[in-house]
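Thanks for coming. I have one structure today and a few points to make about it.

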Amino acid sequence: MADLRNCAEWDRCIIRVEQIKGSGAGLGTIFDITVKGMGGKDSVLRYETLEYDEPTNILVKGRNWMFTSIDRVTIVPTATGCDVTYDAILTANWIIAPMNLLLGRVFNKVGDTATRGLRKVLA
C-alpha cells in the first residue's frame, strides 16, 4: 500500500505511476500519478509521502495546478489479517475552488470504484 507504484493494480482511473524520488515506499518519496481526466484529458498529480510508519500508516499529498489530494492509509492488524482504511480528500485549487461542492459527489463515485478494486486485490 505504501509503494504508490501499486495503485494502478486496484484503481482503474490510474493510467500510469512513475517514481520520481526514492525507491519503493518511504518517507519523502515522490510519485507522478497520471489519472483519467474529465473530458478525455488526463491529469498528472505529484504525490509526496509525508508520513510513513511501516506497516501501519502512510500519508501522501498529491497536487497539480487544479487539485490537491490528501490520502491516508491506516492498517490495523487483526486475528485473521488486517483492516485497511483508505481515506482521501480531494479539493479544487485556486479559482475553481467553488466547484468543491460538486467535486465531493464525483470523487465519492470514483472512490467507490477504487474501493471495490482494492478489496478485490487485497482479498
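I will start with the overall fold, then go to one glutamine, and end with a pair of rings.

Please keep in mind that this is a predicted model.

First, the fold. The protein has six strands and one helix. Along the sequence the strands come before the helix, in the pattern β-β-β-β-β-β-α. There are 123 residues, and 34% of them are buried. The accessible surface is about 8,000 Å². Carbon and sulfur atoms account for 57% of that surface. As for contacts, take those between residues at least 6 apart in sequence: 25% of them join residues at least 24 apart.

Now the glutamine. Gln 19 sits in strand β1, which covers residues 14-21. Is Gln 19 buried or exposed? Its relative accessible area is 17%, and the cut-off for buried is under 20%, so Gln 19 counts as buried.

What does Gln 19 touch, once neighbours within four places in sequence are set aside? The list is Arg 5, Gly 24, Thr 29, Ile 30 and Phe 31. Asp 32 can be placed relative to this residue as well: Gln 19 and Asp 32 are 13 residues apart in sequence, with their C-alpha atoms 6.4 Å apart in space.

The side chain of Gln 19 also reaches two backbone oxygens. One belongs to Lys 21, at 3.2 Å. The other belongs to Gly 22, at 3.5 Å.

Last, the aromatic rings. How many aromatic pairs does the count give? It gives one. The pair is Trp 10 with Tyr 86, and the ring centres are 5.5 Å apart. Why is the pair called edge-to-face? The planes lie at 70°, and the cut-off for that class is over 60 degrees, so the geometry is edge-to-face.

Where in the chain do the two rings come from? Trp 10 is in the segment before β1, while Tyr 86 is in strand β6, residues 81-92. The two are 76 residues apart, so this pair links distant parts of the chain.

The two partners can also be set side by side for burial. Trp 10 has a relative accessible area of 11% and is buried. Tyr 86, at 30%, is partly exposed.

To recap: Gln 19 in β1 is buried and its side chain reaches the backbone oxygen of Lys 21, and Trp 10 pairs edge-to-face with Tyr 86. That is what I have.

Key
Residues numbered from 1 in each chain as written. Predicted model: local features only at pLDDT ≥ 70, side-chain atom pairs only at ≥ 80, totals over all residues. Heavy atoms only, no water. Helix = DSSP H or I, 4+ residues; strand = E, 2+ residues; numbered from the N terminus. Buried < 20%, exposed > 50% of the residue type's maximum accessible area, 1.4 Å probe, protein only. Contact = heavy atoms within 4.5 Å. Areas by Shrake-Rupley, 256 points an atom, 1.4 Å probe, with all protein chains shown as cover. Polar contact = N/O pair within 3.5 Å; in protein donor to acceptor, adjacent residues only side chain to side chain. Phe/Tyr/Trp six-rings, centres within 6.5 Å; stacked < 30°, edge-to-face > 60°.
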